[in-house]
Amino acid sequence: MSLKYYKPCLTPLILFWLCIFGGLSSQAAGESFKINQADSLEMLDEKVVLQGNVSVSSTGEDRFTLLTDKLISLKDSSGQYGDIECFGVSRIVSARFNLRANKLFFRKDKSTGQYNRLDASGAVLIEAKDGTQKIEAPEVQIDLLNKKLYASQNVCSEQLMRDKDKTQRVKISSDRQEIDLTQGDENNATKTSSKQLIATGHVQTLLEGEVTVESQLAEIFKLNGKAEKAVFTGGASLNATDGSYAQADIINYYLDQKLLHLQQADTNLQKAKLTKPDGTEILGQSIKYNSENRHLFVQSSPGQEASLKIPYKENDGSMALMSIQADIIENTEQSPTESLLTAHRDTEEGLVQLNYGLKKGWGRHLFIKQNKDVADKKADYLLLIEEARIFDAEKNQDLKAPVIKIGLGQKNLQSGFTGRAEGYLPMDKASNSKKTKR
């Protein structure tokens with residue numbers, strides 16, 4: 001039956017639907033609602049009480065149903081119906097979302113006469129019907145006017161992201177979470193970014209099938225309704241399923257680009273760190289790595305060095321590390337099998353430093369070209385430019401030149417190019433005391 005006396009009691013349900021689940025029209029507040037079922041109904045001077053298998057539905061265009069064991073609407077001092085409490089396991093069912101809690105409390109702002117907050121407590125569960133979102137928490141507060149959700153005490157949320165033909169699920173557990181409930185417009189021409197989620201306190205973020213991040217703060221940004229990037233701060237560390245590990249003051253992960261950006265504060269003497277599955281270690285104030293095209297860009301702050309350590313196999317089968325120190329280090333995949341690594345010094349003082357077994361190299365610029373398609377590394381070479389120097393302790397060799405080029409496969413060495421080279425080479429391997437200059 002339809003009872004107009006209950007319209008003031010049920011008005012907050014409209015607001016709840018409007019702010020969280022997509023909304024009714026502006027005329028919805030004047031529409032009728034019906035009580036589907038209640039074992040008992042009491043109309044007292046100070047309150048209205050519905051008890052026993054209570055079911056209340058809206059009759060508007062976008063319908064929802066409230067199911068509870070007991071519903072009470074209290075009158076305030078002015079005689080108007082105010083706060084609404086629902087007891088027992090209560091559910092709100094709509095076309096888009098389901099909400100379940102052991103207790104619901106709609107709070108009314110006396111100054112404005114609007115229901116501005118919903119408190120849900122006790123095993124709160126919110127699920128989107130299309131499977132794109134899920135929130136679990138002991139306590140949830142929903143700001144109905146500003147469309148914000150605040151969850152506390154061991155919160156776990158899940159979001160499903162769609163990128164072209166691929167879907168990924170992000171799971172975030174933390175002490176507290178704030179979630180923006182507004183719906184973005186994917187067709188909006190204005191590219192504006194906004195925070196979709198803020199998680200604080202013992203945050204663990206799992207990007208299904210890819211990475212797990214530990215931090216004290218996590219922020220998910222959305223662009224036109226779609227998750228754009230995640231920012232993690234506060235002792236952030238990342239473990240990827242491929243064995244990669246990262247640590248930094250700030251970890252940025254651009255979801256659609258598959259771009260990982262590590263940042264370290266200039267005041268922090270430690271550097272951001274990225275370790276790859278093959279043992280490659282990267283240190284710098286800023287590290288950018290794209291997992292799709294394997295592009296790497298490392299940069300240092302003034303007074304600090306970026307470094308790259310790459311494991312390689314010696315002729316006797318033992319493993320060693322090639323290390324590079326520079327202001328900027330970049331590795332580009334020029335083809336599926338060919339890569340170019342570059343290192344530079346941008347500051348006036350200092351040179352790029354290379355350590356390769358018993359060899360040491362210096363120069364303003366370093367280039368290393370590799371091609372896996374060419375056998376025995378015959379296409380691979382190392383190039384030092386400007387103030388170049390190579391010192392080989394094993395061969396007792398020291399060369400300086402404007403440009404030095406070493407073939408990594410055929411072991412050929414070229415120096416000079418546009419200027420004279422100087423240094424010494426051993427004439428006889430049996431006697432290191434015999435040297436010649438050229």
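Rings of Phe, Tyr and Trp (for Trp, the six-membered ring) count as a pair if their centres lie within 6.5 Å. By this rule the structure has 1 aromatic pair. The model is predicted, and the values below are computed from it.

**Overall make-up**

The secondary structure of the protein consists of 1 helix and 31 strands. Of the 438 residues, 44% are buried. Among contacts between residues at least 6 apart in sequence, 41% join residues at least 24 apart.

The average pLDDT of the protein is 82, and 83% of the residues reach at least 70. Two segments with low values can be named. Over residues 185-189, pLDDT stays under 50, and the model has 5 contacts beyond four places in sequence for this segment. Over residues 427-438, pLDDT also stays under 50, with 20 contacts beyond four places in sequence.

**Strands β9 and β10**

Strand β9 covers residues 148-163 and contains E158. Because its relative accessible area is 13%, under the 20% limit, E158 is classed as buried. The side chain of E158 makes a polar contact with the side chain of R169, at 3.4 Å. R169 is also among the residues in contact with E158 beyond four places in sequence; the others are T132, Q133, K134, V170 and K171.

Strand β10 runs over residues 166-180 and includes I179. I179 is buried, with a relative accessibility of 1%. Outside its neighbours within four places in sequence, I179 touches Q133, I135, K147, K148, L149, S157, Q196 and L197. Q133 thus appears in the contact list of I179 and in that of E158. Between I179 and Y150, which are 29 residues apart in sequence, the C-alpha to C-alpha distance is 6.6 Å.

K147, one of the contacts of I179, belongs to the loop between β8 (133-143) and β9. Its relative accessible area of 30% makes K147 partly exposed.

**Positive phi outside glycine**

K147 has a phi near 60°, a positive value in a residue other than glycine. E386 is another non-glycine residue with a positive phi, of about 70°. Where K147 is in a loop, E386 lies in a strand, β27, which spans residues 381-392. E386 counts as partly exposed, at 40% relative accessibility.

**Strand β5 and the loop before β5**

Strand β5 is made of residues 81-94, and I84 lies in this strand. I84 is buried, at 2% relative accessibility. The C-alpha atoms of I84 and L118 are separated by 9.4 Å, with their positions 34 residues apart along the chain.

G79 lies in the loop between β4 (64-75) and β5. Unlike I84, which is buried, G79 is partly exposed, with a relative accessibility of 38%. G79 and K47 are 32 residues apart along the chain, and their C-alpha atoms are 9.8 Å apart.

**Cysteines**

The structure holds 0 disulfides. C86 has a relative accessible area of 0% and is buried, whereas C156 is partly exposed, at 25%.

**Charges over rings**

Two cases of a charged side chain over an aromatic ring are listed here.

| Charged residue | Ring | Distance to ring centre |
|---|---|---|
| R107 | F105 | 4.3 Å |
| K229 | F221 | 5.1 Å |

In the case of R107, the charged end of the side chain sits over the ring of F105. K229, in turn, lies over the face of F221.

**Summary of the buried and partly exposed sites**

Which class does each of the residues described above belong to? The assignment rests on relative accessible area: under 20% is buried, over 50% is exposed, and values in between are partly exposed. I179 at 1% is therefore buried, and so is I84 at 2%. C86 at 0% and E158 at 13% fall in the buried class as well. The partly exposed residues described here include C156 at 25%, K147 at 30%, G79 at 38% and E386 at 40%.

Conventions
Residues numbered from 1 in each chain as written. Predicted model: local features only at pLDDT ≥ 70, side-chain atom pairs only at ≥ 80, totals over all residues. Heavy atoms only, no water. Phe/Tyr/Trp six-rings, centres within 6.5 Å; stacked < 30°, edge-to-face > 60°. Lys NZ or Arg CZ within 6 Å of the ring centre and 35° of its normal. pLDDT = per-residue confidence, 0-100. Contact = heavy atoms within 4.5 Å. Helix = DSSP H or I, 4+ residues; strand = E, 2+ residues; numbered from the N terminus. Buried < 20%, exposed > 50% of the residue type's maximum accessible area, 1.4 Å probe, protein only. Disulfide = S-S within 2.5 Å. Polar contact = N/O pair within 3.5 Å; in protein donor to acceptor, adjacent residues only side chain to side chain.
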